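Hi,

Here's the structure I promised to pass along. Have a look at it first, and then read on for what turned up.

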Amino acid sequence: MGLGLLALIIISIDFYTDWLAPVRAQVNVIAAPFYKIVNTPKSVFDWGSDKLVSREDLQRENIDMRTELLIHQRKLQQMATLAAENVRLRQLLNSAKMISDRVVVAELISLSPDPLAHKVMINKGRQDGIFVGQPLLDAYGLMGQIIEVGDMYSWALLITDSTHALPVQVNRNGVRAVAEGVGDLYRLKLRHLPNTIDIRKGDLLVSSGLGQRFPVGYPVAEVVSITHDPGKPFAQVEVIPKAKLNRSRYVLIVVDDEQKNTGSNSANSNFNGKVQ
């Protein structure tokens, strides 16, 4: 009873006065280690919860992080692809503005399974007004011509196909020649050019319009090498296509109503049986 009364008096003094503040501070210093000891089990439990993670939890977390990383990488790749495709489409549209003829924009959807045939399939056909013989271009130059038309798709023969020949002229001076495909996407050749002909490395070759297959003035190729052999009557001239035949996905199809009205059903065959 006496101890209880004493405790009540001490509590009252501590609550209403500051007389016991120094004593309380000393008691807190003495009691601090005991508080730490009492709190040790909880600290150990919290530490174990953070550090002692099961192997299954770590594997699951690792899988989740890998999945999230792949998702973000895919989104980043898609953004890069869309940005590059946007650039190509802008180039194509700018090229279309420079062409006086009417054009149709198409997309390449397939390649010929024959490695020796340079043919591509586009997603436009008869219902889109496509017909045999129409020129095919990308943002850089002439690619080829339509050779087969279906209702919803068409096949085009590239200018590098070994069966294709194209009348061209040197843009600098108008010298005419024939550019033949050799089965190489990166190379064409000019045949039957005399050693004295005025042609230089870097000359731009454009379609001449002869043969009435391709309109006049479309970029075709650039001269990269000229070899003069005194023992041979003709110079060996190699050129590279201006069109990005191995890259372009979107293309332009030139609409020539006059050519359509002729009712062409197949590509012309000239120049020793080559398609022209």
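**Hairpins and salt bridges**

In the hairpin of E7 and E8, 6 residues lie between the strands, and Gly183 takes a positive phi near 80 degrees. Before going further, keep in mind that this is a predicted model.

Staying with that hairpin, E7 and E8 run antiparallel and are joined by 3 bridges. If you want a pair to click on, Ala179 has Leu190 in E8 as its bridge partner.

E7 also has a partner in strand E6 (residues 165-170): the two pair in the antiparallel sense over 5 bridges. Here Pro167 is matched with Val178 in E7. E6 and E7 form a hairpin too, with 5 residues between them, and Gly174 in the turn has a positive phi of about 80 degrees.

How enclosed is E7 by the rest of the structure? Largely so, because 5 of its 6 residues are buried. Glu180 fits in with this topic: Glu180 sits in strand E7 (residues 176-181) and counts as buried, because its relative accessibility is 6% and the cut-off is under 20%.

Now the salt bridges. The count comes to 9, and I'll walk you through some of them.

Glu180 is in one: its side chain meets that of Arg191 at 2.2 Å, N to O. Arg191 belongs to strand E8 (residues 188-194), so this pair links E7 and E8, with the two residues 11 apart in the chain. Arg191 is buried as well, with a relative accessible area of 18%.

A second one involves the loop between E7 and E8, where Arg187 is found. The side chains of Arg187 and Glu238 meet in a salt bridge of 3.4 Å, N to O. Glu238 is in strand E11, 51 residues away from Arg187. Buried or partly exposed, what are these two? Glu238 is partly exposed, at a relative accessible area of 32%, and Arg187 is also partly exposed, at 28%.

Then there is Arg249 with Glu107, whose side chains come to 2.7 Å, N to O. Which parts of the chain does this pair link? Arg249 lies in the loop between strand E11 (234-241) and strand E12 (250-255), while Glu107 is in strand E1 (residues 102-111), and the two are 142 residues apart. The two ends differ in burial: Arg249 counts as partly exposed at 39% relative accessibility, whereas Glu107 counts as buried at 17%.

There is a network to look at as well. Arg172, Asp198, Arg200 and Asp203 are joined into one by salt bridges that share partners.

One last spot, away from the charged pairs, is Tyr140. You'll find Tyr140 in the loop between strand E3 (135-137) and strand E4 (142-149). Tyr140 counts as partly exposed, with 34% relative accessibility. How far from Ala221 is Tyr140 in space? The C-alpha to C-alpha distance is 9.8 Å, although the two are 81 residues apart in sequence.

If you open just one view, I'd start from E7: that strand pairs with E6, is joined to E8, and carries Glu180, which meets Arg191 in a salt bridge.

Cheers

Methods. Residues are numbered from 1 along each chain as its sequence is written. This is a predicted model: local features need pLDDT of at least 70, side-chain atom pairs count only at pLDDT 80 or more; totals for chains, interfaces and linings use all residues. Side-chain values use heavy atoms; hydrogens and water are left out. A salt bridge is a side-chain nitrogen of Lys or Arg within 4 Å of a carboxyl oxygen of Asp or Glu. Helices (H or I, at least four residues) and strands (E, at least two) are DSSP runs, numbered from the N terminus. Buried means under 20% relative accessible area, exposed over 50%, partly exposed in between (1.4 Å probe, protein chains only). Two strands pair if DSSP finds at least two bridges between them.
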